[in-house]
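User: I am new to this structure and would like a close look at one part of it. Please take me through the open sheets and what packs on them, and then go on to the ligand.

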Amino acid sequence: MKNIPSVQKSASQPQKLAALRQAHQDWNNTPDVLTRLTRRLSTTLSLEQQLAILADELGSVVPFDTLNYRHRIGKQDFVYATGMGGPHRCEYRLGLEGANYGTLSLYRRQRFSDQELEGVEMILSAAICPIRNACRFIAIEQASLTDSLTGIPNKRAMDDDLQRASQLSERHGQPYSLILCDLDHFKTVNDTHGHVVGDHLLQIAAAELEKAVRTSDSVYRFGGEEFAILLPLTGEQDAREVAERIREAIMAIQVDAGSKELRVTTSCGVATFLPKETAQEWLARADEALYRAKHQGRNCTRVFATIS
Ligand SMILES: Nc1nc2c(ncn2[C@@H]2O[C@H](COP(=O)(O)OP(=O)(O)OP(=O)(O)O)[C@@H](O)[C@H]2O)c(=O)[nH]1
């Protein structure tokens, strides 16, 4: 048996615990704005909630009419605004250790005095670490839903969105369709031209798919050379037409691969959500349609037809 050292209690421990209890009470009830601000900010990693707390605490010391915050995190523009304008403005670029964490502007009808600006700066310097953490949290969340090669949403994002889409379709009785497309003979592309060219082709294919669909549609890479397109408010016939457009867009890709010009085709499977089915069943039907497209010659679209 291991020799576990006994815990030594010092004579001063009761006083230390009493002091800790007092400090905890003071920390909870403090009227000091910086302690309260940092305590409140530490309770959330949501950037939106942090900015609401910041606006609240800042406004208690330096009144303003509008607080506006803008930041681009990855591919996403994050904008937060409270209140209604004002001709006078002070603006801060929030930075820490060389990295930028957004621009915060305050507007109001009266000028900001030097003391007020100093107050704003003190409050922002106390808020910058939690804001940095919230920005990083958004970036990490985004990365976990993004395919690193093509920059489009990945399988995890697709699973989440399919789940949500099936619930929406069920609740509102509106059609949602799913297209799966799988590049044909992609192994041969890799074997003939190498993985670097294969990767390049996947990146071009992802970009072409995004160009071929509406901004309200979503494109995902959910496997090696497999992509999925979720089409809200789109029935079977329209989805088939989109799949054909996608097939033509992929066929039109030309990659200069040294001596030979490289072209590729894709097979597509389409399924429209059926009431009462799960997202997994919906996906399985689209996969079944894709399987048929592959086995009926490739470079074609097959629909898992439903009788309505
Ligand atoms: N370059 C590259 N290749 C990949 C990636 N992911 C998967 N692949 C390749 O994609 C190929 C898929 O091969 P298969 O599943 O046999 O399918 P296929 O050759 O496209 O044949 P069909 O789908 O039946 O038309 C494999 O060679 C994988 O190595 C990737 O990220 N980059």
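Analyst: What follows goes through one sheet and its helices, then the other sheet, and ends with the surroundings of the ligand. Please keep in mind throughout that this is a predicted model.

A good place to begin is the open sheet of 4 strands, whose order is β2-β1-β4-β3 and whose pairing is antiparallel. Its edges are formed by β2, covering residues 76-83, and β3, covering residues 88-96, each of which pairs on one side only. From one strand to the next, the twist of this sheet averages 15°.

Inside that order, strand β1 (residues 66-73) and strand β4 (residues 99-108) are joined in the antiparallel sense over 5 bridges. To follow this pairing residue by residue, one can start at threonine 66, whose bridge partner in β4 is tyrosine 107, and then look at tyrosine 69, which stands opposite leucine 104 in β4. Leucine 104 of β4 is also the bridge partner of tyrosine 92, and this leads to the pairing of β3 with β4, two strands that run antiparallel and are joined by 8 bridges. The hairpin of β3 and β4 has 2 residues between the strands, and in this hairpin glutamate 97 takes a positive phi near 50°.

Two helices can now be added to the picture of this sheet. Which strands does helix α3 touch where it packs on the sheet? Helix α3, made of residues 47-61, touches β1 and β2, and its direction makes about 30° with that of β2. Helix α4, made of residues 114-144, also packs on the sheet, where it touches β1, β2, β3 and β4, and the direction of α4 makes about 55° with that of β3.

Helix α4 has a helix partner as well, for helix α2 (residues 33-41) packs with α4 at an angle of about 20°, the two axes lying 10 Å apart. Angles under 35 degrees count as roughly parallel, and α2 and α4 are therefore roughly parallel to each other. The crossing in which α2 passes α4 is right-handed. On the side of α2 the contact is made by Leu34, Leu37, Thr38 and Leu41, and on the side of α4 by Ile123, Ala126, Ala127 and Pro130. Sorted by class, the residues of this contact of α2 with α4 are 7 nonpolar and 1 polar, with no charged residue.

The other sheet is an open one of 5 strands in the order β6-β7-β5-β10-β11, and its pairing is mixed. Here the edge strands are β6 (218-221) and β11 (301-303), each pairing on one side only, and the twist averages 20° from one strand to the next. Strand β10, which covers residues 266-272, pairs with β11 in the parallel sense over 3 bridges, and within this pairing valine 270 has valine 303 of β11 as its bridge partner.

This sheet, too, carries packed helices. Helix α5 (residues 155-172) packs on the sheet and touches β5, β6 and β7 (226-232), with a direction that makes about 25° with that of β7. Helix α9 (residues 279-295) lies across β5, β10 and β11, and α9 runs at about 145° to β10.

One strand of this sheet, β5, also leads to the ligand: β5 (176-183), α6 (186-193) and α7 each supply at least two residues of the shell around the ligand. The largest share of that shell, 4 residues, comes from α7. Of the 16 residues around the ligand, those that come nearest are Asp184, Phe186, Lys187, Gly198 and Gly224. By class, the shell around the ligand is made up of 4 nonpolar, 5 polar and 7 charged residues.

Helix α7, which takes part in that shell, also packs against another helix. The packing of α7 (residues 195-212) with helix α8 (residues 236-251) is at an angle of about 140°, with their axes 9 Å apart, and that angle makes α7 oblique to α8. As in the pair described earlier, the crossing has a hand, and α7 passes α8 in a right-handed one. Ala205, Glu208, Leu209 and Ala212 of α7 make this contact with Arg245, Ile246, Ala249 and Ile250 of α8. The contact of α7 with α8 has 6 nonpolar and 2 charged residues, and no polar ones.

Key: Residues are numbered from 1 along each chain as its sequence is written. This is a predicted model: local features need pLDDT of at least 70, side-chain atom pairs count only at pLDDT 80 or more; totals for chains, interfaces and linings use all residues. Axes are lines fitted to C-alpha atoms, for helices over the stretch in contact, and angles run from 0 to 180 degrees between N-to-C directions. Angles under 35 degrees count as roughly parallel, over 145 as roughly antiparallel, 65 to 115 as roughly perpendicular and the rest as oblique. A crossing is left-handed if the near helix is turned anticlockwise from the far one by less than a right angle, and right-handed if clockwise. Two residues are in contact if their C-beta atoms, placed from the backbone, lie within 7 Å. Ala, Val, Leu, Ile, Met, Phe, Trp, Tyr, Cys and Pro count as nonpolar, Asp, Glu, Lys and Arg as charged, and the others, Gly among them, as polar. A residue is near a molecule or strand if its C-beta atom, placed from the backbone, lies within 6 Å of it. Two strands pair if DSSP finds at least two bridges between them.
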